[in-house]
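Grab a coffee and work through these exercises on how the parts of this model touch each other. Each task is followed by a solution in steps.

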2 protein chains.
Amino acid sequence: MKTLRQMGEHAAIAALTANLKAVGDDCAVLPQPGSEYDLVLTSDPLIQNVHFTAGATPEQIANKAVARVLSDFAAMGAEPQYLLINLVAPPDQNVRLLEKIYSEFSSLFGKFGVEIVGGDLAQGLVLELHVFGVGRVPKGTALLRSGAKPGNLIYVTGPLGGAQKSGKHLTFEPRLEWGNALRESGAVTSMMDISDGLATDLRHILKASGVGAELDSHAIPLNGTLDEALFDGEDFELLFTAPPDAVFQGLEEKQAAIQWLPSIGKVTANLNALLLDGEPLDGKAFEHFKN
Amino acid sequence: MKTLRQMGEHAAIAALTANLKAVGDDCAVLPQPGSEYDLVLTSDPLIQNVHFTAGATPEQIANKAVARVLSDFAAMGAEPQYLLINLVAPPDQNVRLLEKIYSEFSSLFGKFGVEIVGGDLAQGLVLELHVFGVGRVPKGTALLRSGAKPGNLIYVTGPLGGAQKSGKHLTFEPRLEWGNALRESGAVTSMMDISDGLATDLRHILKASGVGAELDSHAIPLNGTLDEALFDGEDFELLFTAPPDAVFQGLEEKQAAIQWLPSIGKVTANLNALLLDGEPLDGKAFEHFKN
């Protein structure tokens with residue numbers, strides 16, 4: 001009788017969902033007959049003592065719960081429209097803290113154009129927020145993990161690492177504008193957001209695209225050490241690939257940023273092989289349950 | 001500093017969501033410009049030791065988690081299409097039980113035509129399933145709680161009470177066919193599903209519609225005692241209102257059932273007043289956090 005801890009999160013998800021419709025990208029993208037848009041759906045849990053600790057403020061808890069979901073939309077180049085939020089709390093929960101969380105929610109429409117249209121409140125052992133997002137993307141244009149091609153360059157939208165230590169994992173802004181602009185540019189071949197660390201998440205793109213990659217350690221923008229950038233996770237920057245001659249049309253304002261942000265490596269034909277400065281990159285990656 | 005237990009579930013939801021877009025019906029119904037359908041969204045949590053206990057089988061846990069959400073769609077006369085499921089489990093969770101739960105999920109498409117298209121697996125203290133549902137209803141035809149009119153008759157789709165005792169709360173089938181047929185009949189003025197007991201849920205319709213009601217205790221179909229029918233909850237039958245001369249078109253097969261199921265009372269103009277056999281019906285109702 002195996003436990004989740006023995007299996008690890010990724011193996012458990014793979015085993016448990018084997019018989020369900022394939023779920024691989026940050027969001028599910030569902031074509032709608034007769035519509036100019038595909039429907040885009042995603043959900044993320046935020047759990048006390050797992051995704052945040054007692055030191056987090058109500059505003060930070062609300063921000064992280066929602067921003068994780070919005071980052072999934074950014075990763076597809078999609079537009080979030082509606083949220084539903086299940087809040088779980090113990091019966092002795094101080095209502096004032098919940099009021100502050102909901103007050104933060106009510107400011108989201110102004111910030112991101114998303115409306116909270118439903119959800120539920122239930123009794124549990126610790127504070128949890130389960131955020132479900134519904135949105136859309138022009139038909140057939142969602143950026144998937146599976147489109148990276150050998151010779152493509154690899155980019156990230158900002159510096160990586162140390163997000164738990166610095167508190168950025170609670171306060172980050174989802175890269176919705178970047179995601180939208182990158183999709184509209186027509187130049188991006190694959191994209192996802194970095195939640196588990198550059199090494200682990202890049203491997204998801206490699207596997208989905210059937211390619212390999214070589215990273216240049218000196219080109220990776222850092223918030224801390226290289227090790228933190230590769231393995232920490234929760235940066236919520238976008239990781240994407242594009243041909244070397246790509247023109248990021250419509251990205252006038254961000255064009256400078258893209259030229260400033262060097263590509264951090266390139267895609268190779270070497271199936272699933274991930275090299276750092278020419279050497280195989282093995283090693284640990286952030287994974288729930290195995291901690 | 002009030003706690004959730006001191007406030008009670010309904011007061012807490014009302015207070016916390018006061019600044020958000022009004023959420024009152026079983027699902028959110030969202031018009032989509034250019035579409036013949038309104039988008040329909042809902043979510044429900046299922047938490048160990050709250051909504052089920054250690055004695056429940058994996059199949060029952062999976063059924064209840066999903067059927068609660070599908071019942072919300074039935075209550076609007078809507079068609080569920082997609083589900084996302086966040087599963088929370090402790091690290092020492094036996095994976096075999098989770099496999100059985102997911103195996104049950106994979107049979108849902110055949111049973112109800114809904115596809116599981118996403119979700120997440122996270123670490124927590126007890127087993128929880130958060131099910132998010134996405135579906136549709138022909139534009140402007142969703143059955144709300146707010147349409148009951150004085151003189152309407154009140155109906156339920158099946159016997160009430162004792163659902164926890166009998167185990168029906170784990171094994172019930174959502175009334176999707178009923179919901180769809182009742183919407184298509186064009187005769188129904190308001191509808192919801194019975195999750196908190198006939199007394200509490202009928203009050204939701206009265207409040208939303210600005211009306212009152214008189215119930216006839218002898219006409220209420222019972223699975224146990226009258227008290228259980230009024231206050232137990234988790235029957236997941238549909239509660240609806242219709243004019244006395246309503247013809248339930250397109251309900252040929254169920255017509256017999258509707259004629260057999262007597263109306264259990266009638267809607268009055270007496271704002272929010274709920275009478276049982278001519279006397280005010282006060283009293284307890286099932287409410288989370290206050291147990």
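**Exercise 1.** Find how many residues of chain B are in contact with chain A, and which strand or helix gives the largest share.

Start with the count: 60 residues of chain B are in contact with 60 residues of chain A, where contact means C-beta atoms, placed from the backbone, within 7 Å. Next, look at the elements: β4(B) gives the largest share of this side, nine residues. Helices (H or I, at least four residues) and strands (E, at least two) are DSSP runs, numbered from the N terminus. Then sort by class: chain B's side has 32 nonpolar, 17 polar and eleven charged residues. Here Ala, Val, Leu, Ile, Met, Phe, Trp, Tyr, Cys and Pro are nonpolar, Asp, Glu, Lys and Arg charged, and the others, Gly among them, polar.

A word on the source: this is a predicted model, where local features need pLDDT of at least 70, side-chain atom pairs count only at pLDDT 80 or more, and totals for chains, interfaces and linings use all residues. Residues are numbered from 1 along each chain as its sequence is written, while chains are lettered from A and ligands numbered from 1 in the order in which they are written.

**Exercise 2.** Work out what turn lays chain B on chain A.

Superpose by least squares on the C-alpha atoms of residues with pLDDT of at least 70 in both copies. The turn is 180 degrees, with a shift of 0.0 Å along the axis and an RMSD of 0.0 Å. The two copies are therefore related as by a two-fold rotation axis. Both use the same surface: 100% of the contact residues of chain B recur in chain A.

Conventions: Two residues are in contact if their C-beta atoms, placed from the backbone, lie within 7 Å.
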